[in-house]
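I wanted to look up how the strands and helices are put together in this one. Notes as I went.

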Amino acid sequence: MPVSLSSSKVIFNALKQCHVRMLSALPETWLVHLIRMAEEDPEVTLVRLAKEEEGVGISAGAHFAGVKSAMLMQNHGFLASINGIVSFAHLYKIPLLMLISYRGTFGERDPWQTQGGNVTEALLRGMGIPYSFLDEIETVEKRVRQAQTLAESSLQPVALLLTRDLMWEE
Amino acid sequence: MLRLDCLQAVYPELEKCLVVTIMGATAAELHSLGHRPNFFYLQHAMGLASSTGLGLALSLPDQKIVVFDGDGSLLMNLGSLSTMARYRPKNLVHIVFDNESLLSVGGFPTATSTGTDLEGIARAAGIPTVLTVRSVEDFRTAVKHALNGTQLTTIIAKVEARGPAGYVTDLSLVENRFQFRRYIQSLKRP
């Protein structure tokens, strides 16, 4: 599978360096290595979800408990989480670190992913969610740290879009 | 059976627990019995009270967590039962007040009024202990048992579709959230 193992490792290590100790996730092709690393790491609690919106509640509970967390999801999972983000994370000022695989953009071969790619950034902007990209392995660690720092200081959701350039090797 | 009487019956047991409620009548009624800093009222995001309880329970394995859920909220996030069952934290007590109604938004009947069986769904999802209660005494016994037990428990409490006159309390949502977190952090200090 041409999902980048080396990029996944760098992302996972960056999360650990930010003291992220709980990850909620729903499987998606680009996230398989990250999810497996979370499962195999005894310091990290992986919560496998039925639907991504649950992750907002999981992360809020972890935040109340003083545990740093992140959500791993596809952009369609972000779409499925929007009410939770607005009516919990925004309403109650909950920091959320959202790592979103950015499917449906240039290079996408799966027809079913293409609509989600069209609306992801427009929705993030419309919701006032600060976001940036993980697109080069050299800047991953810094971007993850900066996103986590902003989420915690601003008490709000912050998104990192995982791009094809970083996640897919072909 | 009234939800308010159920809440009153277990109110003393909640002192050492972390409590998460759904929005509307449930939040207002628990608040009316006397707010405590260990109570968090999720006044929107229907369905996510159980997820929040799960996040707390997995993060604080030595702390008892009580979620007051409702039929309307749980029906919006039935997948949460499967996620809770997957991790089955033994410190989580999940209570569902089933009044067969979306009372707080006009009283429209939910699917439990036409036969959907939340006890059956919870059991089939894999929740290790599930029971339905129909009297305040049985409710009190079930909650005490679950709090003293060592298994994730879902209690379906069949209650009348009656609630308070209003739902807005004098506690701002954000104040509640900061107080709740500060309370939890204070437990960690020796």
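What follows are my entries on the sheets, a crossover and a helix pair.

**Entry 1: before starting.** I kept in mind that this is a predicted model.

**Entry 2: the sheet in chain A.** I began with the strand order. Six strands of chain A make an open sheet, running β2-β1-β3-β4-β6-β5, and the pairing is parallel. I then looked for the edges and found β2 (45-48) and β5 (131-134) of chain A there, each pairing on one side only. From one strand to the next, I get an average twist of 25 degrees.

**Entry 3: one edge of that sheet.** I zoomed in on β5(A). Its pairing with strand β6 (residues 157-162) of chain A is parallel and has four bridges. I wanted a residue pair to click on, and picked Phe133(A), whose bridge partner in β6(A) is Leu161(A).

**Entry 4: the sheet in chain B.** Next chain. Here I read an open sheet of six strands in the order β2-β1-β3-β4-β8-β7, again with parallel pairing. Which strands stand at the edges? I found β2 (39-41) and β7 of chain B; each has a single partner strand, so one side of each lacks a neighbour in the sheet. Neighbouring strands of this sheet are turned against each other by 15 degrees on average, direction ignored.

**Entry 5: β7 and β8 of chain B.** I followed the edge strand β7 (residues 129-133) of chain B to its partner, strand β8 (residues 153-158) of chain B; the two run parallel and are joined by five bridges. To get from β7(B) to β8(B), the chain goes through helix α7 (residues 136-148) of chain B, and I noted this β-α-β crossover as right-handed. For residue pairs, I wrote down Leu131(B) with its bridge partner Ile155(B) in β8(B). I also have Val130(B), which stands opposite Thr154(B) in β8(B).

**Entry 6: a helix pair in chain B.** Last, I checked helix α5 (residues 79-87) of chain B against helix α6 (residues 118-125) of chain B. Their axes come within 8 Å and cross at roughly 40 degrees. Why do I call α5(B) and α6(B) oblique to each other? Angles under 35 degrees would count as roughly parallel and 65 to 115 as roughly perpendicular, and roughly 40 degrees falls in neither range, so α5(B) and α6(B) are oblique. I logged their crossing as right-handed.

Then I listed who touches whom. Leu81(B), Ser82(B) and Ala85(B) are the α5(B) side, and they meet Ile121(B), Ala122(B) and Ala125(B) in α6(B). I sorted the residues of this contact into five nonpolar, one polar and no charged.

Terms used
Residues numbered from 1 in each chain as written. Chains lettered and ligands numbered in written order. Predicted model: local features only at pLDDT ≥ 70, side-chain atom pairs only at ≥ 80, totals over all residues. Pairing = 2+ DSSP bridges. Right-handed = clockwise from strand over helix to strand, strands pointing away. Axes fitted to C-alpha atoms, helices over the stretch in contact; angles between N-to-C directions. Parallel < 35°, antiparallel > 145°, perpendicular 65-115°, else oblique. Left-handed = near helix turned anticlockwise from the far one by under 90°. Contact = placed C-beta atoms within 7 Å. Nonpolar A, V, L, I, M, F, W, Y, C, P; charged D, E, K, R; others polar.
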